[in-house]
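Thanks for making time this morning. I would like to walk you through one structure, starting at the ligand and then moving outward, so please have a look at it first.

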Amino acid sequence: MSIETSGTPAVVPSTACPPIIGDAAPNFRARTTMGARTLAAYRGRWLVFFSHPADFTPVCTSEFVAFARAHEAFQALDCDLLALSVDSLTSHLAWQHSIEQRFGVRVPFPIVEDPAMGIARAYGMLPAEATSSATVRTTFVIDPEGIVRALIAYPLTVGRSVAEILRLVKALQASDAADISTPEGWQPGEPVLANPPLTSDEVGACGADWYYRLEGA
Ligand code: BEZ
């Protein structure tokens, strides 16, 4: 699926289901505060693609300041940030300028304009009972192959934890790098969990701790 947000209207099959974990992230081409971008251009890097309800709103502003401050930490993980709302490009530009004036923080990542809501619909970023065009706070973590690896949805009134999103990317990368999983609240350097055995022979070989084996403890 490919979506165009300027010129011709968005082409999104009405039966298209929003992506879930393991799906290919729908491609799109859109105008952003840093020029035209396609989702496909992020292949080879991790991407945190997140929607916000509206520009010039308090919770969204707090999130943008936090994402901007954490930008270098995401870059260190080969992970880019890409924001989206249904507001216009002009609004995005004015808002990020205002954030820089008010908080002294430059927004160093592109913000997609999606006035026709084609991308928001394709990614399931609109509330089911949508009474306005405001998207919910949806966050997609997309891997270098373009596959959705995690998604989080928050309501309009609750801000996300950027620290948790950073931790999520680190945990995904750690579980990709070795055949392990990460326990609750895991931070880099802490013990990880061996993946559970899949056969009764392997269960027997693992002993009493077969389903909970901490490594690096
Ligand atoms: C906010 O970002 O503050 C916000 C946006 C939409 C509805 C409610 C709050």
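A backbone N or O atom of Cys 60 lies 2.9 Å from an oxygen atom of the ligand, which fits the definition of a polar contact as a pair of N or O atoms within 3.5 Å (within protein, one must be able to donate a hydrogen and the other to accept it, and residues adjacent in sequence count only if both atoms are side-chain atoms). An oxygen atom of the ligand is also 2.7 Å from a polar backbone atom of Val 59, and for Thr 57 it is an N or O atom of the side chain that lies 2.9 Å from a ligand oxygen. Of the 260 Å² of accessible area that the ligand has on its own, the protein covers 77%, with areas taken from the Shrake-Rupley method and a 1.4 Å probe.

Before going on, I should say that this is a predicted model, in which local features need pLDDT of at least 70 and side-chain atom pairs count only at pLDDT 80 or more, while totals for chains, interfaces and linings use all residues. Residues are numbered from 1 along each chain as its sequence is written, and side-chain values use heavy atoms, with hydrogens and water left out.

Which residues are around the ligand? They are Pro 53, Thr 57, Pro 58, Val 59, Cys 60, Arg 137 and Leu 156, where being near means having a heavy atom within 4 Å. Helix H1, residues 58–75, gives the most to this shell, with 3 residues; helices here are DSSP runs of H or I with at least four residues, numbered from the N terminus.

Let us now follow that helix away from the ligand. The axes of H1 and helix H2, residues 89–103, come within 11 Å and cross at roughly 75 degrees, the axes being lines fitted to C-alpha atoms over the stretch in contact, with angles from 0 to 180 degrees between N-to-C directions. That makes H1 roughly perpendicular to H2, a term for angles of 65 to 115 degrees. Cys 60, Thr 61, Phe 64, Val 65 and Arg 69 in H1 meet Trp 95, Ile 99 and Phe 103 in H2, contact meaning heavy atoms within 4.5 Å.

Technical notes. Helix = DSSP H or I, 4+ residues; strand = E, 2+ residues; numbered from the N terminus. Parallel < 35°, antiparallel > 145°, perpendicular 65-115°, else oblique.
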